[in-house]
Amino acid sequence: MLMLIYKFIGAVLVVIGGWLFGDTLCRRERLRCEQVGNTAELIRYIRSQINIYLSPLGEVVLNCDRDFVQACGIESFDVSDGGVRWQGADVIDEASRHSLSEYFERAGRGDRASELKLCDHYISFFDGRYQLLSRECPRRCRLIMTLCLCGAAGVALLLL
Amino acid sequence: MRTVIINRKSERIPDALARMLPYRLTDEIGRCECPMIEEIRIRRERCASLTCGDRNILLNCRLDGQEMDELFFKLCGGSVYAYAESIAQGYISLGGGIRVGVCGRAAVEQGRIIGVNQVSSIVIRLPHRAPSGVGAPLASLIRDGDGRGVLVYSRPGVGKTTVLRDAAAILASGARPMRVAVVDTRGELGYSLDAAGLTVDILTGYPRKDGISVAVRTLGAQVIVCDEIGDADEAAAIVSAHNCGVPLLASAHAGSIGELMSKPGISRLHQSRAFGKYVSLVRRPGGEFEYDYALTGADDADAYI
């Protein structure tokens, strides 16, 4: 009888563990989606600084609010070598990571009009990506939770 | 495996600049025997050179097109658009009083340069802190003058900016400091005017015409200092400043008083008697900051009109 109670408690713990694991993955998924939205906002901000003040790119990114930059999944900027390099957290979406690197590689080489166009191009990319991820996010979260809970329930059943 | 530590620090060129230049160029510069580098001249697919006084020293270093484009990008701080206006005028202002002359293939629209690409030459002019006193003769001309301005002229590269800078510092300090407005269009003139005790207002990046106007109208300057005047457009602003009783200490490129008076803008200023004295600046041979001054009064200059 005592053994059965232990098994039951163990099974409940496995299910709770599965749920927590799923929840963590879902949060990560939501964070990834928010980061893409924030990245679009970051480029929008850079665009406005170029459009209004013609501020150099390095100056703009270094003067950005640190919390906001981190909310984009970017840990730090390095502008010591002329161009802008960034280091990001591993959460950021792979396609967005690639596009952001591509943006900073291409930025700063043209005149004002071409810089604004470049910003517009990447703003629309990140906006589109954000919309896509926002649409997909609830479905993906449901899928993740289902898989985690089912997996945990399966393990729990085997334990019993 | 061998670890090579490259020390890019150079006493001859500012650190910020040394970081932008290719290693082999800074190495070449480091090896060169030149007491005071005034300019570093870098040309696409040609040997770079240094200007030391009146000597041009060729360096065994050639940058290819890609290296030139990369250097140009770095000099623009990674943002070419931020300097588009000044690049069209042929220069980039770096911090610390460094001015970079740029030329290449110009893109022209309705007779106006709108951009420069395929940069073929980069001339980096390094500022030097002159020993205090080289501008004293000019400062005393302004202090003891009749309220009219003083125009310094010489060929390019003699040291007009250095002398003006020191004169501005002298005027803005001492027992009777004057309110000096420095119109620093190219980010060169204001360099080293950073002492806390100077009564100086620096208008960085302002076009001369607008800078002079601001200095007169809103800053209440007693003296305005600006570099390299000569445009007919600027002449109107300077005449206006002169009519407000603010003397101007300025410089212009010319080899002689005759050449100076043949410039339409200067000739107009002369006729309005904006300047009371014209000072020719000649560097003494072998001297780093030693100059000879030759004075021409406004009345005597009439003969060259």
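## Interface and folds of chains A and B

In this predicted model, 16 residues of chain A are in contact with nine residues of chain B. On the side of chain A, the residues that lose the most area to chain B are A:G82, A:G108 and A:R109, which together account for 39% of what that side buries. The area buried between the two chains is about 1000 Å², and carbon and sulfur atoms give 55% of this area.

The polar part of the interface can be described by two counts. The rule finds five residue pairs in polar contact across the interface of chain A and chain B, with both residues at pLDDT 80 or more. For salt bridges across this interface the rule finds zero. Two elements of chain A, α2 (57-63) and α5 (112-159), give two or more residues to the side that touches chain B. Sorted by class, that side of chain A has five nonpolar, six polar and five charged residues.

Salt bridges are found elsewhere in the model. Over all chains, the structure holds 19 salt bridges. One of them joins A:D127 and A:R44, whose closest N and O atoms are 2.4 Å apart. This pair links distant parts of the chain, since A:D127 belongs to helix α5 of chain A and A:R44 to helix α1 (residues 2-53) of chain A, with the two positions 83 residues apart in numbering. Side chains of opposite charge can pair when their charged atoms come close.

The overall dimensions of each chain are set out below.

| Chain | Radius of gyration | Globule rule | Extent along principal axes |
|---|---|---|---|
| Chain A | 22 Å | 15 Å for 160 residues | about 80 × 30 × 20 Å |
| Chain B | 20 Å | 19 Å for 305 residues | roughly 70 × 45 × 35 Å |

Chain A has five helices and two strands, and along the sequence these follow the pattern α-α-α-β-β-α-α. The radius of gyration of chain A is well over the value that the globule rule gives, so chain A is more spread out than a compact globule. The C-alpha trace of chain A spans about 80 × 30 × 20 Å along its principal axes.

Chain B contains eleven helices and 13 strands. Its radius of gyration is close to the value from the globule rule, so chain B is as compact as a globular protein of that length. The box filled by the C-alpha atoms of chain B is roughly 70 × 45 × 35 Å, taken along the principal axes.

Among the strands of chain B, β2 (residues 47-52) and β3 (residues 55-62) pair in the antiparallel sense over five bridges. Within this pairing, B:S49 stands opposite B:L58 in β3(B). The hairpin of β2(B) and β3(B) has two residues between the strands, and B:G53 takes a positive phi near 60° there.

Definitions and conventions:
Residues are numbered from 1 along each chain as its sequence is written. Chains are lettered from A and ligands numbered from 1 in the order in which they are written. Side-chain values use heavy atoms; hydrogens and water are left out. Two strands pair if DSSP finds at least two bridges between them. Helices (H or I, at least four residues) and strands (E, at least two) are DSSP runs, numbered from the N terminus. Contact means heavy atoms within 4.5 Å. Buried area is the accessible area (1.4 Å probe) that two parts lose on being put together, summed over both. A salt bridge is a side-chain nitrogen of Lys or Arg within 4 Å of a carboxyl oxygen of Asp or Glu. A polar contact is a pair of N or O atoms within 3.5 Å; within protein, one must be able to donate a hydrogen and the other to accept it, and residues adjacent in sequence count only if both atoms are side-chain atoms. Ala, Val, Leu, Ile, Met, Phe, Trp, Tyr, Cys and Pro count as nonpolar, Asp, Glu, Lys and Arg as charged, and the others, Gly among them, as polar. The radius of gyration is taken over C-alpha atoms; the globule rule is 2.2 Å times the number of residues to the power 0.38.
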